[in-house]
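Here's a quick briefing on how this protein is divided up and how its ligand is held. Have the model open while you read.

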Amino acid sequence: MKAILCNEYGPIDGLTYADLAEPEATGSKVVIKAKAIGVNYPDGLLVQGLYQAKPELPFVPGMEMAGVIESVGPDAKHLKPGMRVVATSGTGAFAEKGVFAEAQCIPLPDGVDDADACALMCGFGTSHHALKQRGHLKPGETLVVAGAAGATGLAAVQIGKAMGATVIAIASTDEKREAARQAGADHVIGYENLKETMRELAGKKGVDVIFDPVGGDTFDTLVRTMGRNGRYLVVGFAAGRIPQLPVNLALVKEFSLVGVFWGAFTQHEPAVYADNVRELFGWYREGKVKPLISARHPLSEAPAVLKQLMERGVSGKIVLEP
Ligand SMILES: NC(=O)c1ccc[n+]([C@@H]2O[C@H](COP(=O)([O-])OP(=O)(O)OC[C@H]3O[C@@H](n4cnc5c(N)ncnc54)[C@H](OP(=O)(O)O)[C@@H]3O)[C@@H](O)[C@H]2O)c1
């Protein structure tokens with residue numbers, strides 16, 4: 001079968017489109033034939049050796065695959081060949097077929113499309129966990145979303161609206177701002193004059209919750225707009241710089257800086273994660289959330305797509321379709 005292979009940590013161009021042996025389902029593992037594969041920012045960090053985890057080389061990158069179960073190992077308990085599932089893992093999804101543990105697979109309800117299922121995992125899953133368990137976002141509160149046209153950002157806009165917040169979305173281009181508007185944001189702004197614009201929108205009261213996958217200068221400005229009892233959600237550092245916080249700011253405004261790590265959450269709190277997935281699929285079926293799948297590419301184009309994503313060139317979600 002065909003797969004994308006990371007032979008050494010380094011530039012994304014070093015990824016190869018390779019022939020690998022057909023995978024086998026052993027133990028309680030299952031083999032999935034891919035229909036859609038999600039491309040995520042952390043995939044780009046991982047293959048460059050810039051992520052928290054460093055899998056043994058060579059490895060197949062990719063953390064989301066939706067498709068049909070082709071075979072199951074002798075110890076598999078719940079899953080059967082022919083079932084539609086979406087699977088998440090640290091690696092292994094950029095391939096025509098993937099091997100996943102049963103526990104990494106979620107059966108797909110009727111009506112949940114394969115590409116959307118991928119988007120509902122890391123992108124929507126992170127934002128949902130961030131706003132619900134970490135941010136405790138309440139109806140009527142003000143939510144600011146940075147990087148609002150990205151995979152996690154666009155999801156945060158939609159989920160923020162589903163949870164009853166007033167959403168201020170920040171994005172860098174007209175096209176991205178239009179995507180955030182379509183996703184339901186109440187106010188859509190750019191990064192220019194961010195301090196002044198935020199002062200106008202948030203006033204003296206300040207902001208209740210900030211969802212920040214960008215970091216860098218954006219963090220430095222936004223953290224000064226926090227309101228009393230606010231929650232600043234540290235999601236990622238797409239701008240490249242991990243910012244520093246003068247902690248007196250947290251003292252004066254009595255706000256909290258809250259870390260978000262979706263991958264760790266799924267492993268440490270599987271029951272809460274399962275509840276989140278149920279709620280998210282429910283919102284999807286009710287039309288409250290709808291991922292923006294902005295492009296579909298063949299598997300062989302994974303390196304080019306990943307580069308485009310890391311270089312700020314994507315709105316919403318891109319999927320690979322083998
Ligand atoms: N904590 C977690 O559990 C978790 C889970 C998933 C992802 N993440 C992290 O969150 C961050 C964003 O992930 P994502 O999936 O939303 O990625 P994405 O789809 O690429 O979106 C990131 C957004 O960041 C903005 N950005 C600002 N400066 C940028 C720069 N120099 N380069 C690239 N983008 C820049 C871009 O929007 P503008 O052009 O509008 O500024 C872009 O839309 C990444 O650091 C990722 O590793 C964390």
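Domain bounds here come from an automatic or database domain assignment. With those bounds, the centres of domain 1 and domain 2 are 28 Å apart, taken over C-alpha atoms. Keep in mind that this is a predicted model.

**The two domains**
- Domain 1 is made of two stretches, 2-120 and 291-320, while domain 2 covers 123-263.
- As for who touches whom, 15 residues of domain 1 are in contact with 15 residues of domain 2.

**What lies between them**
- Interface size is often quoted as the accessible area that goes missing when the parts come together.
- For domain 1 and domain 2, that buried area is about 1100 Å², with carbon and sulfur atoms giving 55% of it.
- On the domain 1 side, Arg 312, Ser 315 and Gly 316 lose the most area to domain 2, and together they account for 34% of what that side buries.
- You'll find 0 salt bridges between domain 1 and domain 2, but there are 5 residue pairs in polar contact, both partners at pLDDT 80 or more.
- The residues on the side of domain 1 that touches domain 2 split into 8 nonpolar, 5 polar and 2 charged.

**The ligand**
- The ligand is surrounded by 26 residues, and the closest are Thr 152, Ser 172, Lys 176, Val 260 and Arg 312.
- Lys 176 puts a polar side-chain atom 2.6 Å from an oxygen atom of the ligand.
- Ala 151 works through its backbone, with an N or O atom 2.8 Å from a ligand oxygen atom.
- Over at Val 235, a polar backbone atom sits 2.9 Å from a nitrogen atom of the ligand.
- Taken alone, the ligand exposes 900 Å², and the protein buries 91% of that.

Terms used
Residues are numbered from 1 along each chain as its sequence is written. This is a predicted model: local features need pLDDT of at least 70, side-chain atom pairs count only at pLDDT 80 or more; totals for chains, interfaces and linings use all residues. Side-chain values use heavy atoms; hydrogens and water are left out. Contact means heavy atoms within 4.5 Å. Buried area is the accessible area (1.4 Å probe) that two parts lose on being put together, summed over both. A salt bridge is a side-chain nitrogen of Lys or Arg within 4 Å of a carboxyl oxygen of Asp or Glu. A polar contact is a pair of N or O atoms within 3.5 Å; within protein, one must be able to donate a hydrogen and the other to accept it, and residues adjacent in sequence count only if both atoms are side-chain atoms. Ala, Val, Leu, Ile, Met, Phe, Trp, Tyr, Cys and Pro count as nonpolar, Asp, Glu, Lys and Arg as charged, and the others, Gly among them, as polar. A residue is near a molecule or strand if one of its heavy atoms lies within 4 Å of it. Accessible areas come from the Shrake-Rupley method with a 1.4 Å probe; for residues, only the protein chains shown count as cover.
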